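Here are a few exercises to help you find your way around a new structure. Try each one with the model open, then check the worked solution.

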Amino acid sequence: MALGGEPGTAHFIAFKPKGMWQRTYDRKRFEIERCENQADQLFLSKFSHLLSKEECEMFFREH
């Protein structure tokens, strides 16, 4: 919301607001992405028993 967007993971991260330093925007965007990725991993690990073997391999393969 500090970037001017809507709350929640269903919305895209807002563009950099006019007047905001690029460094500040990058830091806030990185934090949003980090938190969303962490939430995704926790969700997948909690409900992995509902996934097929192929889906598990797709979501949990090493990068």
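Before you start: of the 63 residues of the protein chain, 10% count as buried. Keep in mind that this is a predicted model.

**Exercise 1. Get a feel for the overall build of the chain.**

Step 1: Begin with the secondary structure. The protein chain has two helices and zero strands.

Step 2: Look at the extent of the chain. Along its principal axes, the C-alpha trace spans about 50 × 25 × 15 Å.

Step 3: Set the chain against a globule. The radius of gyration is 16 Å, while a compact globule of 63 residues would have one near 11 Å.

Step 4: Check the contacts. Taking those with a separation of 6 or more, 14% are between residues 24 or more positions apart.

Step 5: Finish with the surface. The chain exposes about 5,800 Å², and carbon and sulfur atoms supply 59% of that.

**Exercise 2. Find the salt bridges and work out how the partners are placed.**

Step 1: Recall the general idea. Side chains of opposite charge can pair when their charged atoms come close.

Step 2: Count them. The structure holds two salt bridges.

Step 3: Take the pair Arg29 and Glu33. Their closest N and O atoms are 3.1 Å apart, which fits the cut-off of within 4 Å.

Step 4: Ask where these two sit. Both are in helix H1 (residues 22-47), and because they are four residues apart there, about one helical turn separates Arg29 from Glu33.

Step 5: Check their exposure. Arg29 has 31% relative accessibility and counts as partly exposed; Glu33, with 32%, is partly exposed too.

Step 6: Now take Arg34 and Glu31. The closest N and O atoms of this salt bridge are 2.8 Å apart. Both residues lie in helix H1, three residues apart, or about one turn of the helix.

Step 7: Check exposure again. Arg34 is partly exposed at 38% relative accessible area, and Glu31 is partly exposed at 36%.

**Exercise 3. Which rings form the aromatic pair, and is it stacked, edge-to-face or tilted?**

Step 1: There's one aromatic pair to look for.

Step 2: The rings belong to Phe43 and Phe47, with centres 4.9 Å apart and planes at 45°, so the pair is tilted.

Step 3: To see how the angle decides this, use the cut-offs: under 30 degrees would be stacked and over 60 edge-to-face, with the rest called tilted.

Step 4: Place the partners. Phe43 and Phe47 are four residues apart in helix H1, so about one helical turn lies between them.

Step 5: Look at the surface around them. Phe47 is partly exposed, with a relative accessible area of 32%. Phe43, Phe47 and Leu50 form a nonpolar patch on the surface, and together they have about 320 Å² of accessible area.

**Exercise 4. Locate His11 and describe its setting.**

Step 1: Find His11 along the chain. His11 belongs to the segment before H1.

Step 2: Is His11 buried, partly exposed or exposed? Its relative accessibility is 41%, so His11 counts as partly exposed. The partly exposed class lies between the cut-offs of under 20% for buried and over 50% for exposed.

Step 3: Relate His11 to Leu44. The two are 33 residues apart in sequence, and their C-alpha atoms are 20 Å apart in space.

Methods
Residues numbered from 1 in each chain as written. Predicted model: local features only at pLDDT ≥ 70, side-chain atom pairs only at ≥ 80, totals over all residues. Heavy atoms only, no water. Salt bridge = Lys/Arg side-chain N within 4 Å of Asp/Glu carboxyl O. Buried < 20%, exposed > 50% of the residue type's maximum accessible area, 1.4 Å probe, protein only. Phe/Tyr/Trp six-rings, centres within 6.5 Å; stacked < 30°, edge-to-face > 60°. Patch = residues over 30% accessible without salt bridge, like charges linked within 9 Å, V, L, I, M, F, W, Y side chains within 5 Å. Areas by Shrake-Rupley, 256 points an atom, 1.4 Å probe, with all protein chains shown as cover. Rg over C-alpha atoms; globule rule 2.2 N^0.38 Å. Contact = heavy atoms within 4.5 Å.
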